[in-house]
Amino acid sequence: MNTSDHICQLTALEWENQFFGCHSALLTLAGDRLPDPAALQDYQLVQVKVPAAHSAQLDALAALGFVLVEGEADCMLPVTPVARADDIRIARPQHIAALRSAAAQAFSLSRFRAPWYAPTDSGRFYAQWIENAVQGTFDHQCLLAVDKQGAMQGFVSLRELPDGCARVGLLAVLPEFQRCGVGQRLIEAASDWCRARRLNRLYIATQLGNIAALRLYLGCGGVIERTAYWLYRKTR
């Protein structure tokens, strides 16, 4: 099916399906068209992301059995010259175990949470994501914020995109170092990473309910460009 023909498209999420052991798909809407309800039955779980302003689509999808899972804000952060920080390191394979543990705890309440997935799936998913970032697969690099003794305080993963911009994959500050300016240091490190690669835009998404993250991004000069809702439909 092709969205250019104004037909909704269902795309199997192959990597997620293998990782989670389920049969799910991403729904891409085309204009005002809605998916064939019979086609939805082919998948255990169907995900769809809808711009927050599209209230008619949200209502129509609710009538088809889709349920709100979370809201999302996508911010653009400026890429500005900053001094190269001494307390930022490139994550190496020896950091993976600590990063996996931190990521599993930091993102345990994401949209991959129960009841849509198993209780441990969200933490397991983000632990694998940050490991992949250290290895340069999907995200291209992971940076660490460290204290004077070299202990990890937080991390950020980054992915270079083909249109001259970059996207933050994951950003987290360890609980014992929150409210100490670590988040701002990580944003500045991400900006420096972009500047070194001559990238002119940096994007980062977060849950609408994550007020602390939104305050951080806006305080660092970020601008909210898009808001959207994730909805799921579970068949069995």
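Begin by selecting the strands of this predicted model, which form an open sheet of ten in the order β1-β2-β3-β10-β4-β9-β8-β7-β6-β5, with mixed pairing. Colour β1 (9-12) and β5 next, since these are the edge strands, each pairing on one side only. From one strand to the next, the twist averages 30°.

**At the β1 edge**

Select β1 together with strand β2 (residues 24-28), and you will find the two paired in the antiparallel sense over four bridges. A convenient place to check the register is Thr11, which stands opposite Leu26 in β2.

**Along β4**

Move now to strand β4 (residues 67-77), a mostly covered strand in which eight of the eleven residues are buried. On one side, nine bridges join β4 to β10, and these two strands run antiparallel; β4 and β9 are also antiparallel, with six bridges joining them. To follow the pairing with β9, select Ala73, whose bridge partner in that strand is Thr206. To follow the pairing with β10, select Asp74, which stands opposite Arg226.

**The charged group around Asp74**

Keep Asp74 selected and show its side chain. Is Asp74 buried or exposed? Its relative accessible area is 7%, so Asp74 counts as buried. In general, side chains of opposite charge can pair when their charged atoms come close. Here the side chain of Asp74 meets that of Arg167 in a salt bridge, at 2.9 Å from N to O. Because Asp74 belongs to β4 and Arg167 to strand β8 (residues 165-173), this pair ties together parts that are 93 residues apart in sequence. Arg167 also counts as buried, at 19% relative accessibility, a value that lies under the 20% cut-off for that class.

Add Arg226 to the selection: Asp74 forms a salt bridge with this residue as well, and the closest N and O atoms are 2.6 Å apart. This second pair links distant parts of the chain, with Asp74 in β4 and Arg226 in strand β10 (residues 223-234), 152 residues apart. Arg226 has a relative accessibility of 43% and therefore counts as partly exposed. To complete the group, include Glu225, since Asp74, Arg167, Glu225 and Arg226 are linked in a network of salt bridges. A search of the whole structure finds nine salt bridges.

**From Asp139 to Arg159**

For another of these contacts, select Asp139 and Arg159, which form a salt bridge whose closest N and O atoms are 2.7 Å apart. Asp139 sits in the loop between α5 (121-135) and β6, whereas Arg159 is in strand β7 (residues 152-160), so that the pair links distant parts of the chain, 20 residues apart. Both Asp139 and Arg159 are buried.

**Backbone points to inspect**

Most residues other than glycine have a negative phi, and most peptide bonds are trans. With that in mind, stay in the loop between α5 and β6 and select Phe138, which has a positive phi of about 70° although it is not a glycine. With a relative accessible area of 51%, Phe138 is exposed.

Then go to Arg198, in the loop between α6 and β9 (201-207), where you will find a positive phi of about 60°, again in a residue that is not a glycine. Arg198 counts as exposed, at 80% relative accessibility.

The next stop is the peptide bond joining Ala114 and Pro115, which is cis, with omega at about 10°. Pro115 lies in the loop between α4 (96-106) and α5.

**The second largest pocket**

Finish by displaying the second largest pocket, in which about 300 Å³ of space lies. To centre the view, select Arg84, Ile88, Leu143, Ala189 and Asp192, the closest to the pocket centre of the 17 residues that line it. Three elements give two or more residues to this lining, namely β5 (88-90), β6 (141-146) and α6 (182-196).

Which element gives the most to the lining of the second largest pocket? The answer is α6, with six residues. If you colour the lining of this pocket by residue class, nine residues appear as nonpolar, one as polar and seven as charged.

Note on methods. Residues numbered from 1 in each chain as written. Heavy atoms only, no water. 1 Å grid on protein atoms, 1.4 Å probe; cavity = no way out; pocket = protein on both sides within 12 Å on 5 of 7 lines; lining within 4 Å. Points joined across faces, edges and corners; volume = space filled by probe spheres on them. Nonpolar A, V, L, I, M, F, W, Y, C, P; charged D, E, K, R; others polar. Salt bridge = Lys/Arg side-chain N within 4 Å of Asp/Glu carboxyl O. Buried < 20%, exposed > 50% of the residue type's maximum accessible area, 1.4 Å probe, protein only. Pairing = 2+ DSSP bridges. Axes fitted to C-alpha atoms, helices over the stretch in contact; angles between N-to-C directions.
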